[in-house]
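Please open the structure in your viewer and keep the sequence panel visible. The tour below proceeds by selections, each followed by what may be found there.

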Amino acid sequence: MRLRRHLLREALSISITLILFMAAATVLCASCAAQAASENITIIDSAGREVEIPYPANKVVLLTADNCELAVVLDARDKVVGVEKSAPGYAEIGEMFGKAANAGGSQEPDFEKIADLNPDVVLGYKSSLENGVADELKGMGVPFVVCECNRIQTFEKDVELMGRILGKEDNAKEFLAFHNSIMDLIAERTRSISSDQRTSLYLTGGGTTFGKDGGIEPYLSAVGAKSIGSELPGESSVTVDPEWVLDQDPQVIVHWITSSKIKPTPEPLIEVKESYSNDPVLNMTTAVKDGRVHVIGWCLFKGLRFSIGLLYWAKWCHPELFQDIDPEEYNREYVKKFLGIDLENVWAQ
């Protein structure tokens, strides 16, 4: 009997000791986690600004379509607590952000909602510096980082920056390796194209084109093309009439549509192509007569997947150099590998 009581006391003593040890360990782990979460780093954003942010950011609000898609690519969707208002309409990724709050427009965010979300950081366009969005967020104690992920000149740095912010550096490297493999393929096959061999191109969203300050030249140069609007004053929405386009007589027309119009069937693209054949002026251009009018979704045109878009451009401008290349297969690989879904939509034709 005495031995049994002794053993019970020993067991009780050991149990109490274990409980106290586990409680202390829990407090210690919580303290360590809080300390890790409170670590701040200073990054240089796409506008060249120094911004201090928590690292890694665990709650972010994204005010651009490309940043939303990149969050999926980087396997960081769970960190997105708010997205810009048109996100639900994004082709292929819209439904992935069903749990994220509507944070308003990219230029007119819902500051009250963002305050409720209490994010570690908000990512958006450089134009938000000019319209006061960044200052308003700063007054709320929320850092704003310019990270656009849609300009060829700063693309790699932007992807690396978002990877750094989210603690997904390795994922960013993997995506950039895929992106650069396509850019290298284009460069290798267009290397010998001289300036006088560059294909004349009319880039448009319908009645407008890129002017000389539109930042489109690096894209055109990459695929051996030249814009008929390269000498026009203005940026990306220079209005032109059909008669002017006919006078320039482009060899190829590339018409972009918003990604929200992209569907599993080609009808939206075919409808746009037919509008050129039915136009009494534009149907006299070399591009229309030769059947070289093409339509492409914005995300491929100048969004996160622009390398795939450029592969389409290159094939449309120089089909003889890309006979064995099917750009859709690269888009299919991207969608499967980085978005985790099968390609169902028709993005270009």
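Helices (H or I, at least four residues) and strands (E, at least two) are runs assigned by DSSP and numbered from the N terminus. By that rule the chain has 14 helices and 13 strands. The model is predicted, so to speak of local features a pLDDT of at least 70 is needed, side-chain atom pairs count only at pLDDT 80 or more, and totals for chains, interfaces and linings use all residues. Residues are numbered from 1 along each chain as its sequence is written, and side-chain values use heavy atoms, with hydrogens and water left out.

**The whole chain**

Display all residues. Of the 349 residues, 47% count as buried; buried means under 20% relative accessible area, exposed over 50%, and partly exposed in between, with a 1.4 Å probe and protein chains only.

**The open sheet**

Select strands 3 to 7. They form an open sheet of 5 strands in the order 5-4-3-6-7, with parallel pairing; two strands pair if DSSP finds at least two bridges between them. Strand 5 (101–102) and strand 7 (144–146) are the edges: each has a single partner strand, so one side of each lacks a neighbour in the sheet. Now select strand 3 (residues 60–62) and strand 6 (residues 121–124), which are joined in the parallel sense by 3 bridges. Valine 61 faces valine 122 of strand 6 there. Add helix 2 (residues 65–73), which packs on the sheet and touches strand 3, strand 4 (80–83) and strand 6. A contact means heavy atoms within 4.5 Å.

**Helix 14 and its partners**

Which residues of helix 2 and helix 14 make their contact? Glu69, Val72 and Val73 of helix 2 meet Tyr334, Phe338 and Leu339 of helix 14. These two helices pack at an angle of about 65°, with their axes 8 Å apart. Axes are lines fitted to C-alpha atoms, for helices over the stretch in contact, and angles run from 0 to 180 degrees between N-to-C directions. Helix 2 and helix 14 are therefore roughly perpendicular; angles of 65 to 115 degrees count as such, under 35 as roughly parallel, over 145 as roughly antiparallel, and the rest as oblique.

Next, select helix 7 (residues 169–190) with helix 14 (residues 327–339): their packing angle is about 175° and their axes are 12 Å apart. That makes helix 7 roughly antiparallel to helix 14. On the helix 7 side, the residues in contact are Glu174, Phe175, Phe178, Ile182 and Leu185, while helix 14 offers Tyr330, Glu333, Tyr334, Lys337 and Phe338.

**Strand 12 and its neighbours**

Move to strand 12 (residues 252–257). Of its 6 residues 5 are buried, so the strand is largely enclosed by the rest of the structure. Strand 8 (residues 199–204) runs parallel to strand 12 and is joined to it by 4 bridges, with leucine 203 as the bridge partner of valine 254. Strand 13 (residues 293–297) also pairs with strand 12 in the parallel sense, over 5 bridges; here valine 254 stands opposite histidine 294.

**The nonpolar cores**

Finally, select Val145, Trp313 and Tyr334, the residues with the most contacts inside the largest nonpolar core, which has 95 residues. Such a core is a set of buried Ala, Val, Leu, Ile, Met, Phe, Trp, Tyr and Cys residues joined through side-chain atoms within 4.5 Å. Helix 13 (residues 306–317) contributes the most to this core, with 9 residues. A second, separate core has 14 residues, including Val81, Ala101, Ala103 and Val146.
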